[in-house]
Amino acid sequence: MKRILFLLCINLFLLGCRDDRIELPKVTANPSQLSLTSDHTTDHFILSADPPVILEWSLSYKPDWLDVSPASGPVDGMNAITVTAKTSTLLPQLLNDKIVITTTTGKVEIPVSLNITRSIAVQLSPAPLLVDYNENSKSVIIKNNSSQTVNWQLEPSATYFSITPASGTLAANQTSTLTLAVNRSTLDTKIYAETLALKIGGVNNSTFPVSINNFKEEKWILDGAVTDAEYDRTGDNLIVIIGSKLYKLKPETKTAVTVDLPLPGTCVSVGQNGQYAAVGHDAWVSLVNLSTMTLVQTYPVTANALDVVLAPNNWAYIFPKVDQWQNIRCINLATGTEMLNTGRQIYAGTKAKLHPSGNYIYGANNGLSPSDAEKYDISGGQANFLYDSPYHGQYEFSGNLWMADNGTKMFTRGRTVFNLSTNQASDMTYAGTLAGSSAGVETLDHISSRNLVYAVYYDYSSQTPQNEIKIFSGDFLNSLGTKPIPGFLITQAGGFQLVPSEGKYGFFNSAGTKFFICVKSKTITGVPVQWAVATINVN
């Protein structure tokens, strides 16, 4: 009772004497903050007043994970106050809070941290988590390997995959089965590296890596190897030979009509009006009605056809595959009569293209050095060798060629471009070279309405086509960048393999908004080769 009266007198004295010149005693804690850990769960602090005055203190706040003893007492600078962390039910985490002490003269706040580092072993399996190309969902086992009950939560790092259930409670050593699901609708062809973040008791605990293999099929898989292909811009049809069948394909709708051929086809040419196609064989040539997809007639030819040109004059021109110096076989489709070209002979292996005028054919020879290009007049039906280029080794022709759709230029396999004219003096004269190095042209198309050239190169060293499209302006041949050609996902007994494409035959549609390209998967030992049609949007 005497002590209470004494403290009351002190307080009345302090209150009565308070003015701007008198300061109340300041109460401090020593130490001023506490750091507890899993191994150091108990600490102490002492309360002191300055100037020394006997005051009373009481505990007004502490976090639930702390015990403070005693909960009140005198501020005397001597009696230690014990702080103990209650860690038995806490999971690994870092906690920060404070202890608040109230005295007559005010409050004292003592920051407290608790770092729990012991392992709470929550495990996901299988590990690592892999969602393969053919999986849209996968079972995942979560196991609590600790000796205490845990409340867990898993958070995916991206919205296109989920885990169900995403949270729960596991007793010691208990397991549960979860489902990881992937929505592939917005994914591209790549391996996605993601994570599942694990929270224990609402606190971040660990992360588990998740790999998602995704393949976006952007091609139309074909049933067999493409021997040759041409495009009909009048009807927007892709005409291809696969074995002994001729296909009329609509790449955008993935519809196909076929006609059986009497023999395996070696080459194809589509007429300018898109109504007919000529298919070359070994010692034969077939005429196919593309409107009805019927075989009209097959004509005997005294050559193994490497290339064929169907002209608007109702003649087909066969370019022999073998036997060195040869003649073009000129077939009058109305009568079936075969005639040889007049003028000079050509060299076997020559590849040919019809000039858009319909009056001429240009050919690029193979097997001769230096390579060259030639022109044949077909205006009278029977082909007549006119002349070759004005060059002899200055520029690369390299054995194949493509026509600008307006007939003004000729693009060659050696990347060299030439002007075309009805005047010999200015015909096949140098017009520039497509940019590149250590590569030639595998396939190419030009569309004047868009002033574009799309080309796929082949590597000189490996002789294999590349898996990207080179883009050039049609007038000045400026390089405008590249576009990738989508690859293949090949299924094998041991799993899956991503295989690059090789671009073989490419064509613009009539509007110049799409580029259709027949591609094959790169030849890899032990991996089956596939063929497909890829549709590339033209920007």
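Among contacts in the protein chain between residues at least 6 apart in sequence, what share joins residues at least 24 apart? I looked this up first, and the share is 49%, with contact meaning heavy atoms within 4.5 Å.

A note on the model: I am reading a predicted model, where local features need pLDDT of at least 70, side-chain atom pairs count only at pLDDT 80 or more, and totals for chains, interfaces and linings use all residues. Residues are numbered from 1 along each chain as its sequence is written, and side-chain values use heavy atoms, leaving out hydrogens and water.

Overall shape: I found 1 helix and 49 strands in the protein chain (DSSP runs numbered from the N terminus, at least four residues for a helix, H or I, and at least two for a strand, E). The radius of gyration (over C-alpha atoms) is 42 Å, well over the 24 Å from the globule rule for 539 residues (2.2 Å times the number of residues to the power 0.38), so the chain is more spread out than a compact globule. Its C-alpha atoms fill a box of roughly 140 × 55 × 35 Å along the principal axes.

Asp 307: I found this residue in strand E27, residues 294–310. Asp 307 is buried (under 20% relative accessible area, 1.4 Å probe, protein chains only) yet has no salt bridge (a side-chain nitrogen of Lys or Arg within 4 Å of a carboxyl oxygen of Asp or Glu). Lys 351, the nearest side chain of opposite charge, is 4.2 Å away. I also saw the backbone nitrogen of Ala 352 lying 2.9 Å from a polar atom of the Asp 307 side chain.

Terms used: Buried < 20%, exposed > 50% of the residue type's maximum accessible area, 1.4 Å probe, protein only. Lys, Arg positive; Asp, Glu negative; His and termini not counted. Polar contact = N/O pair within 3.5 Å; in protein donor to acceptor, adjacent residues only side chain to side chain.
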